[in-house]
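Reader: Could you take me on a close look at a single strand and its surroundings? I would enjoy a connected account.

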Amino acid sequence: MSRPNVVVIMLRRDSFLSVAALGLFCVAVPRFAYAQAAPGPLPQVQSKDAPPAQVRPAKPLPPPRQSILGEWKLNRDDSDDPREKLQDARAAESQGRGSGGRMGGGYPGGGGRRGGYGGQSESDQDRQRMQELLRPANAVTLGMTGAEVDLTDDANRKRAFMTDGRKLQKSKDPAYEEIAAHWDGSRLVTDEKDARGQKLSRSFELTADGRQLYETVHLTVGRNNSSVVIRYVYDIAPQSRQ
C-alpha cells in the first residue's frame, strides 16, 4: 500500500524541479540579453504612418537687376566703416608729419562752423552733405526721368543728379538738392566740390550679379589732402519694385 505514495512523491518532486529550472531560465535570459545590448538609448523605430520630416526650402534670391534703378537697403556688414577710414587717414597724415606734429581740424564732421575743412568757412549745406556721406541712409530709391536721376532716402530727402550739364538751381529746402553728374558706362558719377574747392565725387554702380548696389565715395581730407575711399553696399529691398 505504501508504493504508490512513493511514486506520487517522486512525480511531485520532478515537477517542482522543472518549474524551478524554468523560472531560473526566464530570469537569466533577460539579464543576458541586456548585457549583450549596446550602451545608449535604444533606436527609435519610426512608425510607417508617421509623416516624413519636412525640410524648409531655402529663401529664393531676388531676380537680378539690369540697372541701378529701384529700391535698395543698406547692408552694413558688407559696407565700409567711415570712422575707420577717417582714422586711418588721420594716422597716415600724423606719421607723415612726424610724432611731434599736432593734428588740426581739417576733417569732415570736426565740429564748429570753422575748422571742418582746414579753417575755411563751411556752409550748412556743406556740413549736411558731409554728414550724408559719412552716415549713409538705411534705404534709398533711385529713379530716372530723362537726364535726371533722383535719389530719395528713408528720411525723405531727395537728391537730383543732373546728367545733361544743365545749370543747377540752388534750393533753400535742405531736403532737396541738385547735383551735377555724368554717366561712365553704366556707372553714375557725381561732380561735386567741398567747401575748400576740392573735388568730391560718389559713384553708383550695379554689381556683376545684379543683386547689389555699390555707392563709392571719393573725398580728400586733412591738411595734406589725403584721399579717402568709402564704399557702401546696398541689397535689393524686400518686396521692392523695379
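Author: Gladly; here is a walk around strand β5 and its neighbours. This is a predicted model, with residues numbered from 1 along each chain as its sequence is written. Local features need pLDDT of at least 70 and side-chain atom pairs pLDDT 80 or more, while totals for chains, interfaces and linings use all residues, and side-chain values use heavy atoms, leaving out hydrogens and water.

Strand β5 covers residues 148–153 (strands are DSSP runs of E, at least two residues, and helices runs of H or I, at least four, numbered from the N terminus). Five of its six residues are buried, so the rest of the structure largely encloses β5 (buried means under 20% relative accessible area with a 1.4 Å probe, protein chains only).

On one side, β5 pairs antiparallel with β4 (residues 139–145) over six bridges; pairing requires at least two DSSP bridges between the strands. Asp 150 is the bridge partner of Gly 143. Two residues separate β4 and β5 in their hairpin, and Gly 146 in the turn has a positive phi of about 65°.

Strand β6 (residues 158–162) also runs antiparallel to β5, joined by five bridges, and Leu 151 is partnered with Arg 159. The β5 and β6 hairpin has four residues between the strands, with Asn 156 at a positive phi near 65°.

There is also a link to the largest nonpolar core, a set of buried Ala, Val, Leu, Ile, Met, Phe, Trp, Tyr and Cys residues joined through side-chain atoms within 4.5 Å: among its 29 residues, Leu 142, Phe 161 and Leu 219 touch the most other members. Strand β12 (residues 226–236) gives the most to this core, with five residues.

Technical notes: Buried means under 20% relative accessible area, exposed over 50%, partly exposed in between (1.4 Å probe, protein chains only).
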